[in-house]
2 protein chains.
Amino acid sequence: MLSELKPTRVEDAYLRLKDEILQNRMPPGFQAPEPEIALHLGMSRTPVREALIRLENEGLVRLIPRRGALVLPVSAGDMREIYEILTALEPEAAASLARKKPDAGSLQELEAITLAMESALANGDLDAWADADDRFHRKLLAMHANNRMTNFVNTLFDQVHRARMTTLRLRKPPEQSTREHREILDHIIAGDVEKARKSFRAHRERAADELLSILESYRLPAL
Amino acid sequence: MLSELKPTRVEDAYLRLKDEILQNRMPPGFQAPEPEIALHLGMSRTPVREALIRLENEGLVRLIPRRGALVLPVSAGDMREIYEILTALEPEAAASLARKKPDAGSLQELEAITLAMESALANGDLDAWADADDRFHRKLLAMHANNRMTNFVNTLFDQVHRARMTTLRLRKPPEQSTREHREILDHIIAGDVEKARKSFRAHRERAADELLSILESYRLPAL
DNA sequence: CCTTCAAACAATGCATACATTAATGCATGA
DNA sequence: TCATGCATTAATGTATGCATTGTTTGAAGG
């Protein structure tokens, strides 16, 4: 209904480039001038330029005057920034959800995602686990219905996506994270505002610590 | 040093348009097609387009396919979204500042801004008061050194700017806000993390309530 | 007088053109 | 060999051109 009636080239360029970046096919450090990207995408510079500006706003790319677009690495410092924001915002969203009892359908969906995460963990399917993790966080945000918050946080998720994917296999199975998701969901369902907030906050703080310590122990200054 | 070595037209268009919007010379609801804006700014459509895209990302404008750029009003719902985010983020920044004791120079500056606010209140100079208020919030953010947070929150400040300016004169002198700023500053200086957080949170929650109730009592659905 | 339809108009999305200017490479000279 | 400077190359920033398509106007018909 509200979807693009007219698929525009800018949109196409944006989506394709973003995908290449997130899937690490255009890894951090990759650099290319506009004409080259335009050629690669089979369109003129104009829509490419607009797509790049958008990607720059979202923190995935930097446009350097005579050198083209640079795919940005995400440093430990970036992670700290990002996780600090997530730690402040997501628990607020969870608390608000606990307060205003979401509709059954949405809760149902969150439940399904949580189950998917639990079974992925049981099966040792890390990709499925990461996918469920991502979906849980995004769904929760979407349910909260603060569009500005949702959009912003989603760009942060995108920024850390690569880092999460690579660290995923450098650590123990994410049992604790899985338990925490279940716990958060329970608190929301129970309508316990403060516990929902606290749990989520703890979840984020632990995740941040874990991620940063992995980066440190593997000497990964950036991803 | 880091300033624009090359003032570009995009930048110029962006700054001028943003200024017109914030100063209410292009009021909410104002609408104009790209060619008209380009003419007004004395340049071609290309840089105007890029500037408009940027303003759209920042939530000041909406680009409607065949009708041009529309200066967005800020509704009560928008306010709620924005203040919810501010309520989550700013107290975090304040708490973090209290924790890691900022350098004397910065504190000095915050102190000066707070004094300016207090004297503006005493003199009944509302414009000076609003300016000090804005500077306090922005300075505090800047001191916290989380660029993503700073940039994002600054765009939110911009979005509510008009609303704040008009409600400024529809209410009692902002004595409480002034006291709260002082209080927050004291807690930061004292290094009391929890009190800094709590005070700031209360400050924001009260401000949001106040603003929304003014909108309601004056029947202003949007600004 | 109101509705309907078509033709004219106009704005966008995109491609292309072009001037400016930084980066690069090469030749020259120490 | 290495530094210096000039010529070449190429990327950006901006302007312009153009096809598509939504909007509007006005005339004809009910």
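Which residues touch the most other members of the largest nonpolar core?

## The nonpolar core

The model described here is predicted. Its largest nonpolar core holds 90 residues, and those that touch the most other members are A:Leu89, A:Leu140, B:Leu89 and B:Leu140.

The surroundings of B:Leu140 can be given by name. Apart from neighbours within four places in sequence, B:Leu140 is in contact with B:Ala93, B:Ala94 and B:Leu97. The contacts of B:Leu140 also include B:Leu110, B:Ile184, B:Ile188 and B:Phe200.

## Helix α4 in the two chains

In chain A, helix α4 covers residues 76-99, a run of 24 residues. From its first C-alpha to its last, this helix reaches 34 Å, which is close to the 34 Å expected at 1.5 Å a residue. Helix α4(A) is mostly covered, with 19 of its 24 residues buried. After α4(A) comes A:Lys101, whose phi is positive, near 25 degrees.

In chain B, helix α4 also covers residues 76-99, and B:Ser96 lies in it. Is B:Ser96 buried or exposed? B:Ser96 counts as buried because its relative accessible area is 8%, and the cut-off for buried is under 20%. When residues up to four places away in sequence are not counted, B:Ser96 touches A:Glu84 and B:His144. The contacts of B:Ser96 thus involve a residue of chain A and a residue of chain B.

## The surface near DNA strand C

DNA strand C is surrounded by 18 residues, of which the closest are A:Arg9, A:Ser44, B:Arg49, B:Pro65 and B:Arg66. By class, this surface has 8 charged, 6 nonpolar and 4 polar residues. Of the atoms of DNA strand C that lie within 4 Å of the protein, 66% belong to sugar or phosphate, and the rest belong to bases.

Several individual atom pairs can be described. A polar backbone atom of A:Arg9 is 2.3 Å from a phosphate oxygen of DNA strand C. Another phosphate oxygen contact involves B:Gly68, where a backbone N or O atom lies 3.5 Å from a phosphate oxygen of the strand. At a base, the side chain of A:Arg66 has an N or O atom 3.2 Å from a base oxygen of DNA strand C. The elements that give two or more residues to this surface are α1 (9-22) and α3 (45-57) of chain A, together with α2 (34-41) and α3 (45-57) of chain B. The largest share, 3 residues, comes from α3(A).

## The surface near DNA strand D

Around DNA strand D there are 18 residues, and A:Pro65, A:Arg66, B:Thr8, B:Arg9 and B:Ser44 come nearest. Sugar and phosphate account for 63% of the atoms of DNA strand D that come within 4 Å of the protein. The residues near this strand comprise 8 charged, 6 nonpolar and 4 polar residues.

Which part of DNA strand D lies 2.5 Å from a polar side-chain atom of A:Arg66? The partner is a base nitrogen of the strand. Phosphate oxygens of DNA strand D are approached by the backbone of chain A: a backbone N or O atom of A:Glu34 lies 3.2 Å from one, and a polar backbone atom of A:Gly68 is 3.4 Å from one. At least two residues of this surface are supplied by each of α2 (34-41) and α3 of chain A and α1 (9-22) and α3 of chain B. The largest share, 3 residues, comes from α3(B).

Technical notes. Residues numbered from 1 in each chain as written. Chains lettered and ligands numbered in written order. Predicted model: local features only at pLDDT ≥ 70, side-chain atom pairs only at ≥ 80, totals over all residues. Heavy atoms only, no water. Core = buried A, V, L, I, M, F, W, Y, C linked by side-chain atoms within 4.5 Å. Buried < 20%, exposed > 50% of the residue type's maximum accessible area, 1.4 Å probe, protein only. Contact = heavy atoms within 4.5 Å. Near = heavy atom within 4 Å. Polar contact = N/O pair within 3.5 Å; in protein donor to acceptor, adjacent residues only side chain to side chain. Helix = DSSP H or I, 4+ residues; strand = E, 2+ residues; numbered from the N terminus. Nonpolar A, V, L, I, M, F, W, Y, C, P; charged D, E, K, R; others polar. Expected span 1.5 Å × (residues − 1).
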